[in-house]
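Hi,

Here is the structure I promised to pass on. Have a look at it first, and then read my notes underneath.

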Amino acid sequence: MKRRNLLTGFGTFSLFAFVGLEPNLWSAPGSESAFAQTAPKSLFTLPPLPYAYKALEPHIDRATMQFHHDKHHAAYVSALNTAFAKYPQLEAPKSLEALVTNLDQYPEAIRTTIRNNGGGHINHSMFWQIMSAPKSGELREPTGAIATEIKATFGSFAEFQSLFNLAGTSRFGSGWAWLVRDKAGKLQVTSTANQDSPLITGDYPILGNDLWEHAYYLNYQNRRADYLKSWWNVVNWQEVNKRYQTSLG
Ligand code: MN3
């Protein structure tokens, strides 16, 4: 769609929605001063999807991936830039991890925004990476060190999967299901509400699945359990192993 059509056709609200799609062009949507001054620098950028929108079909459809990445993730990035733009003295965090583990260091007025949108940014940045195109006929199972650790902790991959799927189906409303390495160094299945990162409470997210309806509704509608089951076909265990190594410090 042409930008002019969006601007004239849908008014101010859509202008902000549109701006949210291209955080690199417009870094401060919704800010009163965004159009009066030079646009402030974008501290945060939307990482590109590491594969085509349709790569995860039939388990996650093309349209879901496109909306999810280009609109939902982009909106978190955009809101984060807007919040930081209000405080020009704030420096970029050393890493996204540092952003959500040091919420107290930010002005109270933008702390919730950072928790939600910083969480959204870091969770989705992980999410795209820990998935990859399924190979037809191949049952995806864990490999490497994480396979050994899952077996040692949960008894079997199947046991772990059912715990994880249960965490996913029993999370009320929007949130994430996780495999984390907790502060004591043990693997745990958990879930969080909204966009809360496990990092907030000191757990390292090794693997997480998005439970927001925007992650599955176009294809699965209300059938979250079916989505959770199908999702195992696109888990990129090589990347999960990298994250497990990182969690070991
Ligand atoms: Mn999402």
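What spacing do the donors of the manganese ion follow along the chain? The pattern is H-x55-H-x85-D-x3-H. Keep in mind as you read on that this is a predicted model.

The residues behind that pattern are His 68, His 124, Asp 210 and His 214, which coordinate the manganese ion at 1.9 to 2.1 Å. Each of the histidines uses its NE2 atom, while Asp 210 binds through OD. Two of these donors link distant parts of the chain: His 68 sits in helix α2 (residues 62-85), and His 214 is in the loop between β3 (204-210) and α7 (217-220), 146 residues away. His 68 and His 214 are both buried.

Staying with helix α2, Thr 82 is found there too. Is Thr 82 buried or exposed? With a relative accessible area of 9%, Thr 82 counts as buried, the cut-off being under 20%. A polar atom of the Thr 82 side chain lies 2.9 Å from the backbone oxygen of Ser 78.

Now for the rings. I have 17 aromatic pairs for you to look through. One of them joins Phe 44 and Phe 84 edge-to-face, with 5.0 Å from centre to centre and 70° between the planes. Phe 44 belongs to the loop between α1 (3-19) and α2, whereas Phe 84 is in helix α2, so this pair ties together parts that are 40 residues apart in sequence. Both Phe 44 and Phe 84 are buried.

Phe 154 and Phe 160 make a tilted pair, because their planes are at 35°, and tilted covers what is neither under 30 degrees nor over 60. Their ring centres are 5.3 Å apart, and Phe 154 and Phe 160 are buried as well. The two also belong to one aromatic cluster, whose other members include Phe 127, Trp 128, Trp 176 and Trp 237.

Last stop: Arg 224, which is in helix α8 (residues 224-231). Arg 224 is buried, at a relative accessible area of 12%. What does its side chain reach at 2.6 Å? That would be the backbone oxygen of Gly 173. A polar atom of the Arg 224 side chain also lies 3.2 Å from the backbone oxygen of Leu 211. Leaving out residues up to four places away in sequence, Arg 224 touches Gly 168, Thr 169, Arg 171 and Tyr 216 among others. Trp 212 is 12 residues from Arg 224 along the chain, and their C-alpha atoms are separated by 9.3 Å.

Cheers

Note on methods: Residues numbered from 1 in each chain as written. Predicted model: local features only at pLDDT ≥ 70, side-chain atom pairs only at ≥ 80, totals over all residues. Heavy atoms only, no water. Donors = N, O, S within 2.8 Å, 3.2 Å for Na, K, Ca; no water. Helix = DSSP H or I, 4+ residues; strand = E, 2+ residues; numbered from the N terminus. Buried < 20%, exposed > 50% of the residue type's maximum accessible area, 1.4 Å probe, protein only. Polar contact = N/O pair within 3.5 Å; in protein donor to acceptor, adjacent residues only side chain to side chain. Phe/Tyr/Trp six-rings, centres within 6.5 Å; stacked < 30°, edge-to-face > 60°. Contact = heavy atoms within 4.5 Å.
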